[in-house]
Amino acid sequence: MDTAPRNTGAACPLGFDQHADNARLRDTGAAALVELPGQVQAWALPRHDALQQALADPRFVKSPEHWSALAEGRVPPGWPLMTFIMNKGMTTADGDEHRRLRGLVSKAFTPRRTAALRPRIEELTDALLDSLADAAPGPVDLRAHFAYPLPIGVISELLGIPEDRRNTLHGLCEILVSSTTPPAEAIANVRALHAALGEIIARKRQHPGDDLTSALIAAREDGDRLSEEELVGTLLLMFLAGHATTLNLICNAVRALLTHPGQLALVRAGEQTWGAVVEEALRWDSPVGQFPMRYAAEDIEIDGTVIAKGEAVLASYAAAGRDPRAHGRNAERFDITRGPTRHLSFGHGAHFCLGASLARMEAETALERLFHRFPALQLAAAPEDLQPLPSIVSNGIRTLPVTLG
């Protein structure tokens, strides 16, 4: 089938009101052709059921060798999202190769290792809240001084990333997820990021420790181990996903509670749990907006729309989270009483997020202790003035100014 570029009037959400843009995508259909930065086209899947089916459909593959536009030179050099496409690791592997990589990572990233982190998460949270108290009554940027240092501290300690490298790596990751990075800067940023991670790996080879990077270097599966490229790609994936998504989750949840005081009152009264808050925040304002890419290994029909072999597909998590077909007429409402929350924010199927339990643990701990410590917490800016990140991938806000009371 012809895979030449098609005309489309739909731009992928990258603006102030991304949820309004997502609603328009859902109205377009279960599959909506969109234009990404750099005039690259892809299919967004903005409806919950269609996205869930696609995430579990083996005909949608992850290896970029299946993307016609890339093979034909229609993706410009320095395209801002190229690292997501080409990063060597679990997110770009299929079948036996994916099982091999996930198996090696799973040997190091065990549930036991995750559960053992709870005391340290609580300790870090309390230390950050002590520091916040020194800034009372504020205003203070909760994103910079609480929601960011907690997950980056946890994942960095887990991976064995030195403290003096964390902020640098975070800055490089922010450029990586930005959808507006100029091509030359994007290329230079990837080189700097890979060099920094390669240096950390080299140090761990010389001086291994009780950390996940050392465990990944040593991990074996039937005599196999991660190659250097796979190690860098896996470390990048775990560092980025291990802090940026939880950062967004905490910020999005705090903003939701402070703009829905009735919901906050239910938790404080013990009528709802902090776990319910986290699940509803994941649904209502997914930390990931649109995740690239999957590719059609053959012509695939979705609700009457044919995605041709070789075309790219976005997992539209933020759009699916507010789909009224799955979540009812009040899908646009933040409501922690809606019961068991169906959402896809951690993915579905073979690529379900390995760090889901860690993210939930961090967010629940952070929210419970934050609102207990500062019961008079309030936004210090109008909700409409909170600026979104310039990214189709990372669904978060640049700052979260609050007064502590």
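Let me start with Cys251, which counts as buried because its relative accessibility is 1%, and please keep in mind throughout that what we are looking at is a predicted model. Where, then, is the nearest cysteine sulfur to that of Cys251? A search of the whole structure finds zero disulfides, and accordingly Cys251 is in none, the nearest cysteine sulfur being that of Cys173, 16 Å away. Cys353 can be treated alongside it: the closest cysteine sulfur to its own is again in Cys173, at 15 Å, which is too far for a bond, given that a disulfide requires the two sulfur atoms to be within 2.5 Å. In terms of accessibility, Cys353 is partly exposed, with a relative accessible area of 30%.

Let me turn to Thr365, which sits in helix H18, spanning residues 356–373, and which is buried, since its relative accessible area is 6%. A polar atom of the Thr365 side chain lies 2.8 Å from the backbone oxygen of Met361, and if we set aside the neighbours within four places in sequence, Thr365 is in contact with Arg118, Ile121, Glu122 and Thr125.

Finally, the sheet. Three strands form an open sheet in the order S4-S10-S9, with antiparallel pairing, and the edge positions belong to S4, residues 140–141, and S9, residues 378–379, each of which pairs on one side only. Between S4 and S10, the latter covering residues 401–403, there are two bridges, and these two strands run antiparallel; within this part of the sheet, Asp141 stands opposite Pro401 in S10.

Conventions:
Residues are numbered from 1 along each chain as its sequence is written. This is a predicted model: local features need pLDDT of at least 70, side-chain atom pairs count only at pLDDT 80 or more; totals for chains, interfaces and linings use all residues. Side-chain values use heavy atoms; hydrogens and water are left out. Buried means under 20% relative accessible area, exposed over 50%, partly exposed in between (1.4 Å probe, protein chains only). Helices (H or I, at least four residues) and strands (E, at least two) are DSSP runs, numbered from the N terminus. A polar contact is a pair of N or O atoms within 3.5 Å; within protein, one must be able to donate a hydrogen and the other to accept it, and residues adjacent in sequence count only if both atoms are side-chain atoms. Contact means heavy atoms within 4.5 Å. Two strands pair if DSSP finds at least two bridges between them.
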